[in-house]
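Here is a quick briefing to read alongside the model. Have the sequence and the 3D view open as you go.

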Amino acid sequence: MRKTPLYLAVLERLKSKSKPVSVPELLVSLETSLQPNKSTLYRLLERLGVEGLVERVLLDNKTAFYELKRHHHHHFVCEDCETIECVSDDGLEAKIHDLENHLSSRGLKIKAHQFSFSGLCAACQ
Ligand SMILES: [Zn+2]
Ligand SMILES: [Zn+2]
Ligand SMILES: [Zn+2]
């Protein structure tokens with residue numbers, strides 16, 4: 001994929017964030033000179049996903065969030081303001097891995113797991 005100024009700027013924005021961002025948030029953070037229309041930005045994020053650079057975070061709420069593909073982890077999402085926090089815990093993953101082994105011994109082929117925490121963030125309580 002051609003590394004257009006928009007491509008580089010979007011990667012840069014995602015790199016500077018420690019949590020997933022929505023398309024509206026991304027649009028606000030981009031310089032006026034780069035302002036793409038929404039569908040261009042969605043297409044770009046789609047391509048970045050195919051290239052394995054960006055991950056689309058699927059949560060119960062309807063908004064799509066994107067973050068730089070780093071190591072596997074989970075998320076907390078606030079029911080009120082939809083703020084998201086990344087959650088990772090090696091002990092949890094080890095436990096899940098055990099469970100996945102158990103499931104495969106029962107003949108299930110596990111490819112991935114996903115779950116998220118929901119509740120209220122500090123500001124919304
Ligand atoms: Zn909140
Ligand atoms: Zn995350
Ligand atoms: Zn996990």
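Buried means under 20% relative accessible area, exposed means over 50%, and partly exposed is anything in between (1.4 Å probe, protein chains only). By that scale, H113 is partly exposed, with a relative accessible area of 23%. What you're looking at is a predicted model, in which local features need pLDDT of at least 70, side-chain atom pairs count only at pLDDT 80 or more, and totals for chains, interfaces and linings use all residues. Residues are numbered from 1 along each chain as its sequence is written, chains are lettered from A and ligands numbered from 1 in the order in which they are written, and side-chain values use heavy atoms, with hydrogens and water left out.

**Zinc ion, ligand 2**

- Donors here are N, O and S atoms within 2.8 Å of the metal (3.2 Å for Na, K and Ca); water is not among the atoms, so sites may look incomplete.
- E67 gives two OE donors to the zinc ion (ligand 2), joined by H73 (NE2), H75 (NE2) and C86 (SG), at 2.0 to 2.5 Å.
- Along the chain, those donors follow the spacing E-x5-H-x1-H-x10-C.
- H75 in strand β4 (residues 74-78) and C86 in strand β5 (residues 84-87) are eleven residues apart, so this pair links distant parts of the chain; helices (H or I, at least four residues) and strands (E, at least two) are DSSP runs, numbered from the N terminus.
- H75 is buried at 7% relative accessible area, while C86 is partly exposed at 30%.

**Zinc ion, ligand 3**

- The zinc ion (ligand 3) is held at 2.0 to 2.4 Å by H72 (NE2), H74 (NE2), two OE donors of E93, and H113 (NE2).
- The spacing of these donor residues in sequence is H-x1-H-x18-E-x19-H.
- H72 sits in the loop between β3 and β4, and H113 in the loop between α4 and β6 (116-119), with their positions 41 residues apart in the chain.
- H72 counts as partly exposed, at 41% relative accessibility.
- E93 belongs to helix α4 (residues 90-105).
- Which residues does E93 touch, not counting residues up to four places away in sequence? They are H72, H74 and H113, where contact means heavy atoms within 4.5 Å.
- E93 is buried yet has no salt bridge, and K95, the nearest side chain of opposite charge, is 13 Å away. For charge, Lys and Arg count as positive and Asp and Glu as negative, while His and the chain ends are not counted.

**Sheet β1-β3-β2**

- Three strands make an open sheet in the order β1-β3-β2, with antiparallel pairing; two strands pair if DSSP finds at least two bridges between them.
- β1 and β2 stand at the edges with a single partner strand each, so one side of each has no neighbour in the sheet.
- Helix α1 (residues 5-16) packs on the sheet and touches β1, β2 and β3, its direction making about 85° with that of β3. Axes are lines fitted to C-alpha atoms, for helices over the stretch in contact, and angles run from 0 to 180 degrees between N-to-C directions.
- Two bridges join β1 (residues 21-22) to β3 (residues 65-68), and four join β2 (residues 54-57) to β3.
- Y66 in β3 has V21 opposite it, and R56 stands opposite Y66 too.
- S22 has F65 as its bridge partner in β3, and S22 counts as buried at 6% relative accessibility.

**Sheet β5-β4-β6**

- This open sheet has three strands in the order β5-β4-β6, with mixed pairing.
- The edge strands are β5 and β6, each pairing on one side only.
- From one strand to the next, the twist averages 20°.
- β4 and β6 run parallel and are joined by four bridges; V77 has S118 as its bridge partner in β6.

**Salt bridges**

- A salt bridge is a side-chain nitrogen of Lys or Arg within 4 Å of a carboxyl oxygen of Asp or Glu, and by this rule there are two.
- E31 pairs with R13, their closest N and O atoms being 2.4 Å apart.
- E31 is partly exposed at 43%, whereas R13 counts as buried at 17%.
- E85 and K19 meet in a salt bridge at 3.6 Å, N to O.
- E85 lies in β5 and K19 in the loop between α1 and β1, so the pair ties together parts 66 residues apart in sequence.
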